[in-house]
Every structure is written in C-alpha cells, then in structure tokens.
Amino acid sequence: MTSTDVLWALKIVYTIYAFSIISFVGWFAYRITKKPESYKTWLTPKVFYTYLAILVMIGVGIHILTYNKIPWVAWELKKHKIKPDRVFNITVENHQFILPEETPITIKCGEVVKFNVVSRDLTYGFGLFRPDNTMVFQMQVVPGHNNELLWQFHEEGSFYVLSTEYSGPKGARMRVPDAFKVVCNKNVSMGVGR
Amino acid sequence: MNIKELLINGNNGGLDHSGLSPLQKVTLRFVVIGLIFYGVAAIEGMIMRVHEIKPVPLLSDEHFFAIMTAHPIVGIFGSTYLIVFGAFTFLVPYLMKKPVFSIKIANFTWGIMTLGTVLVWLSGFIYHYAPLYTIYWPLPVDFSQFHIAGGIIFVIGVALIMIGTLAFIVNTYATVFYTPKGQKKQPIKPLLMSAFGIDGLLNIINKIRGKEPYIKDPPLSLPIVAIFRGTVDTFLDALVILTAGLLILFFIFNNLFQWGLHYHSVDALLYKNIFWWGLDLIADGLVLIYVAGTWYLLAMLITGRNLFMQNIARAALLLELIVSWAVWSHHLLSDQPQPEIMKLASGEMITAFELITQGLAFFITLTTLWLARPLKMSNELKFLLGGLLGFALAVPAGIIQADLGMNRLLHNTQWVAGAHFHVAILVGLTMTLYSAIYILLPILTNNSVKLFSQRLANWHFWLHLIGGIGMGAFMGMAGIDGMLRRHVYTEGEFMLYMIPAGICGAMLLAAWVIFMFNIIATIGIKGLIGIFKPSKIDKEVIVPQPATAMQKG
C-alpha cells in the first residue's frame, strides 16, 4: 500500500462521514421542531452506554487498522530490528539541505533506505514529494538529535525534497528538485528482522 | 429611520446603558473587544487565502509569515479567550447567585489582554517578527532572520495576555469560593469535590454498588464545574507560555549583551515536549471542556430541563482533566527522536479519549434537546446545532491525524489547519459562542434592545456555517494532496482548492460583517460607547431587572 492509496481512502471515508454527520444534524434540526407522536423514548442509559462502547471501539480500532494495513507503521515501531540496505546522511544548515551524493540520487525499488537527517541550527522538516506535489512521507528534523526514518520505495519516479516544518520565512524556499530517482525492476517487501 | 441614525441610536432607541450593572458592562466590554478581534483575525485569514490564490505584490514572505504568526494569537487570545472569559465572568456569579469577586480584576483582565494582543500584532506589523504560534526552539531567538525589538514586543505582548489570563482565573476561583456578606458560609470540601466532578464519579460508583447517591444536589451546577475545570488547564497553559516567554527574553538579552550562551544549551526536543504539553492544554484541555460546559448550559437554558445522564457528564469532566494532561505527544508523532512508547500511549491511545469525551458531550446535549421536543428554532438553538456539528466534523479529523500511520502523511499539512482546527474553532467553538451571545444578550441588556433583523441573523448563520465547513473542507482536501500549512505557495500549485477555500473564507468574513451590522443596528453606537462608561449601579448587583430569557429555564 502506498501513501497515495492511503490518502485516497481517507478522502473517500472522511467525505462519506462528513456528509453523514451533516445529514444527521440536518435531520435532527428538522425533527426537533416537530411535536412528537409519543413522549415514550428509546433514548435510555443502555443506548448511551452502547454508543460509548462504539466510540471506544472506533478510537482504538483506527490504530489497529492502520497498524495492520499501513506498512510504514511497523517500519517505524520495529526500526531497531530492520537493517537498511542504504543509509543517506543528510545535513540541514542555514536553510539548505546538504545531500550525500550528487542529485538525483538513484534508489532501486525494494531497497530499504534509511534517511538520517541532522540539523545544525533550527527545527526543519524533511519531506519527499512527487512531481504532482503529493507527499510520499515526511518527518520533523529536530536540532541536536538524529532524525532517522526508514522507507522502502515501491513506486517508480522522481521525487523532490521540501522542508515540511516552518523555520522562518527562508524555510518556504527549502526545496531540492529531483533529489531522488526510484527505478523499479520488481517489487519486494521489507522484512522485519533483516 | 436612515442607516446613519439607526447605527448611531440603534433599533427602537438602542441600548439603555444607564441601567446596566458593572458586571453587565464589563461582560459586554469583553464581548465587544473579542468580536472586533475576530474581525481582525478574519481579515488576516482572507489576506493569506488571497495570497495563496494569487500572490499579492506588496506581500513579502516575511510579511506573510508575520500575518500567519499574529492570526492565531489575535483569533484565539484576542477574540475567543476574551469572549469566553467575558461570558464566564458573568455566568459564574449569575449561576451561583452571588456577586463577582472583583469588578476591578475583571476590567484589568480585558484591558491587559487587549493591550497584549495589540503588541503581538504590532511586533509582526512593524518588525515582521514571525516565529509562528508554535515558537519552536531556537527559531524565536534566530536574530539573523528576526529583529530583536520585534522579539521583545512579541514576548511582552504574550506575557500581558497570560497575566490577564491568570487574573481571570484568580477572579473565577475567588468567586466560586468566597462568601459574600450576609450569606451562609459554604464549606470548601464539597465545593472542591463538585468543582472537579468528583461527586459525579462517586454518585456513579454508589449507583453501581446499589447505594444511595453520594450527593443528590451538588453545590455547583454543571456549567460551573466545566468552567472551573477548564481554568485548571488555562492556568497550567499560562504558566508554560509565560516560562517560554521568559526563556526567549533571556536569550534576547544574551544576544544583546553578548553573554555567550549558545542556544543549543536548550534541548530542542525537550523544549518542544514541554511547550506542547502547555499549548495543548488550550486545545485538548480547554476548548473541549469550556465548549462542553457551554453546550450543557445552553441545552439547559433552551429546554428548561436538567441534562440527560448528568452524573456521567460530571465524571467525564474529571476524566478529561487527566486526559488533557497526557495527550500532547500527538503533536510529536513525526519527531523521530521522540520515544515510541510516548507516541503510542500519549500520542495515539490517550488522545483517542478525546473522541470519547467529546462524543459523550455531543450525545448528552443532543439527547437533552431531543427529549424536550418540540423546540422553536431560535437563533441560540440553530447556532448551538452548528457548534455541535462543527465539533462532530473536527474531532474525528483530529483523531485521524493522531495516528502513527496517518500522521506520516498529514502532519503539518492543510488537513490539520483546515479539516481539524479551523472547523473546530470557526464552526464548533465560534458558533457555540454566537449561541451564547444570542441567549445572553437579553440578560446582559436588561431586555432593553430588540434584534434589528432576524433575516440578517439567518444570513449570518448560513454564511458562517457553509463558509466555515467549506473552507475547512477545501483546505483539508489540499492537505491530502500535499499542501503544507506553514508554507507559502506562489506557483498556483493548489489553485483547484484554494479558489473555493477563498470563496468560503469570503463568506465567513461577510457573515461577520452582517453580524456586526445587525448588532450595532440593535444596540447603537451610542449604546456601545455607553458600555465603556462607568456604571452608577452598585457593584454587588448582578442583573438589575429579571431577564425573561433566563426565566425559560
């Protein structure tokens, strides 16, 4: 599953939810002005507790769902067990990304890549974007710490780097065009414990 | 009557301010200033919306981000805080049937907060000081980008706002606990138990154990519990922001006098954790609780009934207190050095409780209204329903981004700004506040005014509702497609979303203009000026005449 699939699903699911809740409140607003046929109500404490249980299930369920469906959650939680194929040490200083090689840096599909980004001054962001501006991933880059992120590419293309965190007005221009190029031959998945 | 006369004198003679008590006047001062700041924030928002559609030639990146820095401070502290504080300064004494502890402190609060907000705004307008609302260390002391004078004015402005906030808290606590002359002294313990919702929890436990209720008639009404409970978080938040301000001030002097201390001596991640712990108390501890309390109050006033599942609502306020102190890590889900256990426990699981506590308030309020059918679709009811809808849309959007998988793609995007907090603040919170204003207007004016135009009130409602949801939705969609929130786009990258978002933003601005016109036409500029003149009525008086709107309850 790529980030495009996840975001597409979010668009659909949230749009359906938004229209449902708007319709519900609209219906409620209409009905509340009408005199009820009977004052006997189904809104009992039992209904309330059932609703509460559903809320708990949704609140916890979303995290279980994403853990099982979105690959990068496990990559992050099990990163100490995963050995990367390549490590890119990137430095950010004075509103500039300093990449370890000449761009575009070529990555093979399926390679487990570790991006280790270090800031020498401010808090920045490190985001990878497709040419149509959609996001592949991002992380915060906090100064004084190693900011490591594992990723495995499954989509061919050219990607640009953009700082995703505000670091003053100069931060808006922190972009490296065509920073990485991914070439695909076959798809493989990241194995935990490699 | 022509428009000029109408605006000067108001509808049917406008507001008779001579009959207002000092408490009524000070409350109206809070609200008037808060509404003006709302307009300033709306105009700032529109400037940014327009700039994202077609770059404004005179607007440099520095100025753009200075607006982005001032915008939330004017909107949250200058507008929302002042309206909420004003309403609560009135409601605590009104509901407890005793005078406010100090009118002087109340006047000091709105005055110093207004001055603080203006200073913050000026630091951006004059010096383009723009570390943004989040002031991530060491950006606020990066004087290669910002002017030192801008930093000093900004910090003083924020400090004044926080001092005003602390003054409000002192006044609220003192009003809850003090005993006015001639009244029977209330013991502190039951008041404290009630203020934190502990009596509600004990009632539930006793019910489960088949025992008599711990207390049948709690000393504090539910809205007071919510107000008291919210001020705990307001207090902690004010302390954290004040401390951050002092740290920035220290490093300003460090830079000025060459003390030689490097800003890396402060750990940026630790600072970020402490800062977010405090700042998050506004969103997750304060807004949700104050809003829930206001919903409960409005539902009771509109229906004249007690709340459905009242003990649960009281206990939930206690639960939310603990939850609000432990959720901040959802702001650091994309920070790789942040320990994983913090992300999972605080960032994901405890944050999910927001869905439960807010969902619970949503259910209780709607059920209380439903059980009182048929109700007249008054202004207060329609704005209350709008407020409920706003949070029903915004809270799940927040829970979605507070997930390790989703945050990787949503952190710092327009999804957070649009679908989550703009819908929460503009639709959820602001419409709830409009509802409170409509229901409190007759009480605060001794029924001396009649709303100028119901048709304008309807226009205000629909433009605000559609504009707020629409702007949030289009910004959110842009966020899904990769548009960042703290960024400036000048190549028309997200034009497809920014044009409709701009149109919806213009609807919001138009809604505010219509509302202000309607209110000024109702009260009259003479009446508005009169609000700021001293009252001749005894300061012990809460409301000089019985207000019929409240008698509904």
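This passage describes selected helices of chain B in a predicted model.

Helix H3 of chain B comprises the 36 residues 61–96. At 1.5 Å a residue, a helix of 36 residues should span 52 Å, and the end C-alpha atoms of H3(B) lie 51 Å apart, in agreement with that expectation. The helix nevertheless carries a kink of about 30 degrees, which is centred on B:Tyr81. Of the 36 residues of H3(B), 34 are buried, so this helix is largely enclosed by the rest of the structure. Just after H3(B), the backbone at B:Lys97 adopts a positive phi of about 55 degrees.

A second element of interest is the pairing of helix H12 (residues 379–401) with helix H14 (residues 414–444), both of chain B. Two packed helices are described by the angle between their axes and the distance between the axes. The axes of H12(B) and H14(B) come within 7 Å and cross at roughly 160 degrees; because angles over 145 degrees count as roughly antiparallel, the two helices H12(B) and H14(B) are assigned to that class. The crossing of H12(B) past H14(B) is left-handed, and the residues of this contact divide into 18 nonpolar, 10 polar and one charged.

Within helix H12 of chain B lies B:Glu380, which has a relative accessibility of 11% and therefore counts as buried, the cut-off for burial being under 20%. The C-alpha atom of B:Glu380 is separated by 57 Å from that of B:Trp259, a residue 121 positions away along the chain.

Technical notes: Residues are numbered from 1 along each chain as its sequence is written. Chains are lettered from A and ligands numbered from 1 in the order in which they are written. This is a predicted model: local features need pLDDT of at least 70, side-chain atom pairs count only at pLDDT 80 or more; totals for chains, interfaces and linings use all residues. Side-chain values use heavy atoms; hydrogens and water are left out. Helices (H or I, at least four residues) and strands (E, at least two) are DSSP runs, numbered from the N terminus. The expected span of a helix is 1.5 Å times one less than its number of residues. The bend at a residue is the angle between axes fitted to the seven residues ending there and the seven starting there. Buried means under 20% relative accessible area, exposed over 50%, partly exposed in between (1.4 Å probe, protein chains only). Axes are lines fitted to C-alpha atoms, for helices over the stretch in contact, and angles run from 0 to 180 degrees between N-to-C directions. Angles under 35 degrees count as roughly parallel, over 145 as roughly antiparallel, 65 to 115 as roughly perpendicular and the rest as oblique. A crossing is left-handed if the near helix is turned anticlockwise from the far one by less than a right angle, and right-handed if clockwise. Ala, Val, Leu, Ile, Met, Phe, Trp, Tyr, Cys and Pro count as nonpolar, Asp, Glu, Lys and Arg as charged, and the others, Gly among them, as polar.
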